Amino acid sequence: MSDLLQRRRALLGPNVSTFYADPVHIVRGEGVWLWDAEGRRYLDCYNNVPHVGHCNPRVVEALCAQARTLNTHTRYLHEGILDYVERLTATFDDPLKTAILTCSGSEANDIALRMAEAMTGKRGIVATDATYHGNTTLVSHLSRSNVPEVGFGLAGCVRHVEAPDSYRIDDPEGQRFAAHVARAIEELEACGIGFAALIVCPLFLNEGFPTQAPGWLRPAAELVRRAGGVLICDEVQSGFGRCGSHFWAHQKQGVTPDIVTMGKPMGNGHPVAGLVTSPEIMARFRGSFRYFNTFGGNPVSCAVAMAVLDELEDKQWQQHAARIGRLARERLQTLAEKYEVIGDVRASGMVFGAEFVRDRRTREPAADCADRVVNAMRERGILLSKLGRHKNTLKIRPPMPFGEDHLDLLIETLDEVMPGILGQP
Ligand code: PMP
């Protein structure tokens, strides 16, 4: 292990992050399970990219079959991308019926910002103060966690607004959030930059997936439209049925965005991502920017992405996610009754977690407790992580085949590690 760490440092440079105090060396995956180099098995409660299961046979077969036949790019005619975009856009409401395929969520968000500029002629972007939207020069300026200290991009054009936090901030209908957005828009207009777009993950997943009533985002969405801006929903994490109640989380929020970006689960690990928008916005973008992506939308990527949709449909994973999310909430709630340190429990389909606090009255975050739980669970063969505005919320976001027996194992193991966590300084 230390040999691998040393090689990483020498070959990849310093500050390349790993998970856990004792990093895991994974060599094989299947369904919701991962195996390390010593043959130890781990329950994967973290990875949302292998959406329909690690090494899903149908996806792997689709990839191999197309790779054996042809792989080129979109400057040649091919049915693959057309069949896929037809099938993908059928999951969206009108007018979201055209797409661009890319290789990463960051690229998709980068294009979305350029589309907003093409539509409005302005560059001002509003995002939350606890978000992450990617790693290109342009979109890295949106993220609070990794604001670049040098570089070009959107510097000066971004206004961050308070991220929702259902546990601490009283905003049951999204009016307070909308008011923050309104102020940011006014400021952008007043200083001459002008308002182009609001970009949000409709589950606010990186922010800690707050509990929200359906339609919570509507007041902010209406405001954006009134101000002549574009609403971008970043569904890189929240899409493809994960939220359980809907295929896309913006549908749960009761809004139709102008642009929806997606990635991670789309290719089950194969790098395919993209965005969906209206024909009008697409035409404006295509008229304003010359855009080509060598790997985006190639026949292999499209075959893989199509197999993911087939699996989702045949196995009804969205409905399954809704059921497991309900059970997970109940089971975590039972743990919260036992352990004072769990201040809040949240679940939205196959995304669930618990927020750790020092004291339930003050709700002071206890990120160190979340850290200790994450590492203790890893020692017991369960992989999960933490996130949120205060980095104190367990992030449990497994592949969709995660079932009731896996949930039992997760909860029993949490129950085993919790007393030890509390006993530590
Ligand atoms: N948007 C969101 C909400 C994300 O969570 C991420 C990745 N964590 C991205 C965009 C960037 O996607 P990628 O890493 O594929 O560029």
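**Figure 1. The largest cavity between the two domains of the predicted model.** Residues from domain 1 (2–55 + 316–422) and from domain 2 (57–314) both contribute to the lining of the largest cavity, so this cavity lies between them. The structure contains one cavity of 30 Å³ or more. The space inside the largest cavity amounts to about 80 Å³.

**Figure 2. Residues lining the largest cavity.** The lining consists of 14 residues. Asp165, Glu207, Arg346, Glu355 and Arg389 are the lining residues nearest the centre of the cavity. Sorted by class, the lining comprises six charged, six polar and two nonpolar residues.

**Figure 3. The shell of residues around the ligand.** Surrounding the ligand are Ser104, Gly105, Ser106, Asn109, Tyr132, His133, Gly134, Asn206, Asp234, Val236, Gln237 and Lys264. Helix 4, which spans residues 105–120, gives the most to this shell, contributing three residues. Eight residues of the shell are polar, two are charged and two are nonpolar.

**Figure 4. Polar contacts to oxygen atoms of the ligand.** At serine 106, a polar side-chain atom is placed 2.4 Å from an oxygen atom of the ligand. Glutamine 237 likewise has a polar side-chain atom 2.7 Å from a ligand oxygen atom. At glycine 105 a polar backbone atom takes part, with an oxygen atom of the ligand 2.9 Å away. The ligand taken alone exposes 400 Å², of which the protein buries 83%.

Conventions. Residues numbered from 1 in each chain as written. Predicted model: local features only at pLDDT ≥ 70, side-chain atom pairs only at ≥ 80, totals over all residues. Heavy atoms only, no water. Near = heavy atom within 4 Å. Polar contact = N/O pair within 3.5 Å; in protein donor to acceptor, adjacent residues only side chain to side chain. Areas by Shrake-Rupley, 256 points an atom, 1.4 Å probe, with all protein chains shown as cover. Helix = DSSP H or I, 4+ residues; strand = E, 2+ residues; numbered from the N terminus. Nonpolar A, V, L, I, M, F, W, Y, C, P; charged D, E, K, R; others polar. 1 Å grid on protein atoms, 1.4 Å probe; cavity = no way out; pocket = protein on both sides within 12 Å on 5 of 7 lines; lining within 4 Å. Points joined across faces, edges and corners; volume = space filled by probe spheres on them. Domains from an automatic or database assignment.
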